[in-house]
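Please look through the sequence and the structure shown here, and then read the short report that follows.

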Amino acid sequence: MALSASLPVASGLLDGPLLHRLAVTLAVALAAAGLAAMGRPRVWYRHLTDRLLGGVPWGSLIVAAILLAVYGGLQDGFGSAEPIVLPFRAWSYLDPVGMLIAGLAHSNTSHLLGNLLGTLLFGSLVEYLWGHHTTRHTDTRLLAAWTHPVVRAVVIFPAAAILGSIVGSLVALGPIIGFSMVVFAFVGFALVQAPVLTVVVSVSQGVVRRLVDAVQTPEQIATSGTTYSTPWFASIAIQGHAVGLLAGVLIGLGYQQLTRRTRPSAGRLWVGVLLFAVERSLWAVYWYRGNNSYVLYRAIGLGLVFLLATLVTYAVVADDTPFLAEFAVDNPTTFLTDLTTISNRQVGLLLVVVAGAILVGPAVATNATTAADGELPGEPIEVRGYEVTYGENVTNGQLNVIDIEGAGESTRLNTSGVIVRNTNRHIWSTAVSRSALANDGTAEIRLGGLTWEETVTASRTGWQTVGGDTTYRVTLSHDNRTRPLYTAGVVEAEPIVAGQRVSLNATPTGFSVGVNGSVAALPAHNESTTLGRLTLRRQDSRLVAVNNRTQTAVRVANKVN
């Protein structure tokens, strides 16, 4: 009896996600054990300890711990709600808090996980290539510290990464957030030294990510339905990633020159840069057209990636031979003769610097501006310097600061949704778009600073008429008070009942219904009201019009977000 009673419990455990987690864990353990048996783990360990203190990438682990601390501490990202994001973006040079923290903060857990894996994998590779162990110099305290393995592991590497995150915020275009710029700098450095190994590590990140997903969600049931999402490329900081990669290449070139390391072959490096850039979507050049509209320049972006691979390859493999020497001999002029004093290595370095400057220039101009301080729509809720409101087809107060037009695009754009502004910190953001709020019905906007946080809740309710449009109202709630901010106006249902049409209107206090000029409040749940020759009856999320003479009932509207 005891045995049979325990069988359902055991069966439940074996049939559930726990069994799947155990299975994948066991499979990975067996695979690792098999690899160790077939390989030479002692040789691998010796290689690691020759380069790393104790064979461990301490610097990458410390950086990962800092990212976790910022996300869990400052951003309160491990609670039930979404993390606090708005205060920790890089909005402007005039907002030092955002500039200092943005590179270490993240927009959600998935964003954090991606950069954690990138740091642990690419950061560890850079630590290995750079090395904790180096020739000891004790001539000065600075040299003694620079060449001390413990200092290199736990001080220099983490400090350089954090400094890189701050510099990245200063030169990134737009209010960026995340550590990915430093991750791409790790990649740029590693590509210069070991392109093939870098591509292998890049592929391995995808494997590790799938493994983490398998442990977190062993099985997934997918159903069809309506959801709201922005295009996948719209959340990628392409300019920041490209700048980070070029910065890493420059640092790698300097390190290669100082250490006289053997340069990789042109073919391997070119293929490595191209594969990584394509796989990480550096070709996804896009522009925001306002009101949830984006344009992706796929062909232009892919062409730029091929040029990027060629540029980086030339800069790395170029030697000290004179630039255009043979051409100058065949065409002797003063100008061409002067060019022979410039080496190919110098030209390659210059090209990388120029490419980086072209990418950084617009970011510097944008980050030096302030958010628009004009009148906001509605009656905003004010929370410690923040103003929160809702508006539709409102001029974007962040992009419109610099008015530029060209190639059919413009920075003078309109936006719709929940708007957050803080003129003290130069923040202007569409925190929740109109489409997202329509899809979800409610959204929480988390505001805050270094030592505080508060939440404003946006809610949208509406009625969609049959064969017609939707009328809706938007309210904001904070500190147990709710304020109506927006009403969409009158809409009319298509069906004609008893020769009459039904209209609905969103009002500051709720909804009203109308028939041939007569207006009444929308009936409460399971109640009705009579207007003219019709009785309007509320049935769950439907509004039905009943012909009082024939008792014919026709659905005229449905409740929506």
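## Charges

In this predicted model, the protein carries 37 positive and 34 negative charges, and the mean positions of these two groups lie 6 Å apart.

## Overall build and surface

The protein contains 17 helices and 20 strands, and its C-alpha trace spans about 100 × 90 × 45 Å when it is followed along the principal axes. Of the contacts with a separation of 6 or more, 60% are made by residues that stand 24 or more positions apart.

The accessible surface amounts to about 28500 Å², and carbon and sulfur atoms account for 60% of that area, while 43% of the 561 residues count as buried.

## The largest nonpolar core

In soluble globular proteins, nonpolar side chains tend to be buried together. In this protein, the largest nonpolar core has 61 residues, and those with the most contacts inside it are Phe122, Phe179, Phe186, Leu245, Leu282, Leu308 and Val312. Several helices each supply at least two residues of this core, among them H4 (58-74), H6 (109-130), H8 (149-171) and H13 (298-317), but it is H9 that gives the most, with nine residues.

Which residues does Val312 touch, leaving aside its neighbours within four places in sequence? Val312 is in contact with Leu246, Val249, Leu269 and Val273.

## A second core

There is also a second core, separate from the one just described, which has 23 residues, including Ile381, Tyr386, Val418 and Ala458.

Technical notes
Residues numbered from 1 in each chain as written. Predicted model: local features only at pLDDT ≥ 70, side-chain atom pairs only at ≥ 80, totals over all residues. Heavy atoms only, no water. Helix = DSSP H or I, 4+ residues; strand = E, 2+ residues; numbered from the N terminus. Buried < 20%, exposed > 50% of the residue type's maximum accessible area, 1.4 Å probe, protein only. Contact = heavy atoms within 4.5 Å. Areas by Shrake-Rupley, 256 points an atom, 1.4 Å probe, with all protein chains shown as cover. Lys, Arg positive; Asp, Glu negative; His and termini not counted. Charge placed at Lys NZ, Arg CZ, Asp CG, Glu CD. Core = buried A, V, L, I, M, F, W, Y, C linked by side-chain atoms within 4.5 Å.
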